[in-house]
Amino acid sequence: MNLLDLGPDPRTETLRRLQALLVQRFGRIERAAAQWRRPEWVLVQGVIGARTKSEVSNAATDRLLKRYGSFEAVAQAPLEELQAELATQTYPNVAAERLKASLTALIERRGAVDLAHLAKMDALAAMQWLEQLPGIGRKIAAGVMNASTLDRRAIVLDSHHTRILQRMGLVPPKATTDKAFAAIMPAMPDEWTGADFDEHHLLMKKLGQTWCRPAAPQCAACTAQSLCKTGLARTG
């Protein structure tokens, strides 16, 4: 045995137990094949979706594609027109600017709004490629890899998910999204598929919206309290 082999990461079993508790509380969240989107669609949805409910951003993305016919045409649309089209978003002006910039950069690199080349790349390398585009950070890049037809094992970390990981003691307390991603990925159960990663993220989001809120978390009522460093400290 390698003397540096410290054995299984204990966080992996915590994540398995956490997933079981979340499924017991919220039920399964299974994505049907028909709901999977092309990576280009997921990219656009992510860019325009800051602080906006997913269903609203989904509808806005579909609306853009229906009006303009292609994401190449969206990139060529006047900024003011895009801002009006994205009026449903929380920050429509910022969303339009970021969308136009990211799509324009993608067209310059690929000749079209086309991410087909990512299918042949390692997931981390593909995310790093995406992050060279304006407005694309680790959350959006991971979403493109995981929540699309690419179906990769990449965990999407929004503010809810990252906050819970920090409070549970599974990642450093002040970890950025990038650092939290790097910290938690090695602990993700090997048997989990891309769909399992997606379900885990959506369940964690529900947990963050229900009990583990930014202010005044309801630790005593939380279904994950027994696994949480902060929850045990606050209720012990």
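## The loop between H8 and H9

Asp 151 sits in the loop that runs between H8 and H9. This is a predicted model, and in it Asp 151 takes a positive phi of about 55° even though it isn't a glycine. As for solvent, Asp 151 comes out partly exposed, at a relative accessible area of 27%.

Val 156 belongs to the loop between H8 and H9 as well, but Val 156 is buried, with a relative accessible area of 10%. Go 14 residues along the sequence from Val 156 and you get to Ala 142, yet the two C-alphas are just 5.4 Å apart in space. Ala 142 is also one of the residues that Val 156 touches, leaving out residues up to four places away in sequence; the others are Lys 139, Gly 143, Asn 146, His 161 and His 201.

## Asn 146, tucked away in H8

Next up is Asn 146, which is found in helix H8. Is Asn 146 buried or exposed? At 1% relative accessibility, Asn 146 counts as buried, because the cut-off for that label is anything under 20%.

The contacts of Asn 146 tie it back to the loop residues above. Setting aside neighbours within four places in sequence, Asn 146 is in contact with Asp 151, Arg 152, Ala 154 and Val 156, and also with Arg 31, Gly 194, Phe 197 and Asp 198.

## The largest pocket

How much space lies in the largest pocket? About 1600 Å³. The pocket is lined by 42 residues, and those closest to its centre are Gln 45, Ser 54, Lys 139, His 201 and Lys 205. Two of these names have come up already: Lys 139 and His 201 are both touched by Val 156.

Several helices chip in. Helix H2 (39–48), helix H3 (54–68), helix H8 (138–146), H9 and helix H11 (194–210) each supply at least two residues of the lining of the largest pocket. The top contributor is H11, with six residues. By residue type, the lining of the largest pocket splits into 17 polar, 13 charged and twelve nonpolar.

## The one cavity and its cysteines

Searching the whole structure for cavities of 30 Å³ or more turns up one. The space in the largest cavity is about 110 Å³. Its lining has 15 residues, and nearest the centre you'll find Cys 212, Cys 219, Cys 222, Cys 228 and Gly 231. Helix H9 (159–168) and helix H12 (229–235) each give at least two residues to the lining of the largest cavity, with H9 giving the most, at three residues. This lining divides into ten nonpolar residues, four polar and one charged.

With that many cysteines around one cavity, how many disulfides does a search of the whole structure find? Zero. Cys 212 is in no disulfide, and the nearest cysteine sulfur, belonging to Cys 228, is 6.2 Å away. Cys 228 isn't in one either: the nearest cysteine sulfur to Cys 228 is that of Cys 219, at 6.1 Å. Neither pair qualifies, because a disulfide calls for sulfur atoms within 2.5 Å. Both residues are out of the way of solvent, with Cys 212 buried at a relative accessible area of 9% and Cys 228 counting as buried at 10% relative accessibility.

## Ala 216, out in the open

Ala 216 is found in the loop between H11 and H12. Like Asp 151, Ala 216 has a positive phi without being a glycine, here near 50°. Ala 216 counts as exposed, at 63% relative accessibility.

## The nonpolar core, and Ala 60

In soluble globular proteins, nonpolar side chains tend to be buried together. Here the largest nonpolar core has 67 residues, and those touching the most other members are Leu 99, Leu 118, Leu 130, Val 144, Met 145 and Ile 184. Take Leu 130: not counting residues up to four places away in sequence, Leu 130 touches Leu 43, Leu 115, Leu 118, Ile 136, Ala 141, Val 144 and Met 145.

Over in helix H3 you'll find Ala 60, which counts as buried at 0% relative accessibility. Beyond residues up to four places away in sequence, Ala 60 touches Ile 48, Leu 86, Thr 88 and Gln 89. Ala 60 and Gln 83 are 23 residues apart in sequence, and their C-alphas are 11 Å apart in space.

Terms used
Residues are numbered from 1 along each chain as its sequence is written. This is a predicted model: local features need pLDDT of at least 70, side-chain atom pairs count only at pLDDT 80 or more; totals for chains, interfaces and linings use all residues. Side-chain values use heavy atoms; hydrogens and water are left out. On a 1 Å grid over the protein atoms alone, a cavity is a set of points where a 1.4 Å probe fits but cannot get out, and a pocket is an open set with protein on both sides within 12 Å along at least five of seven lines; lining residues have an atom within 4 Å of a point. Grid points are joined across faces, edges and corners, and a volume is the space filled by probe spheres set on the points. Helices (H or I, at least four residues) and strands (E, at least two) are DSSP runs, numbered from the N terminus. Ala, Val, Leu, Ile, Met, Phe, Trp, Tyr, Cys and Pro count as nonpolar, Asp, Glu, Lys and Arg as charged, and the others, Gly among them, as polar. A nonpolar core is a set of buried Ala, Val, Leu, Ile, Met, Phe, Trp, Tyr and Cys residues joined through side-chain atoms within 4.5 Å. Buried means under 20% relative accessible area, exposed over 50%, partly exposed in between (1.4 Å probe, protein chains only). Contact means heavy atoms within 4.5 Å.
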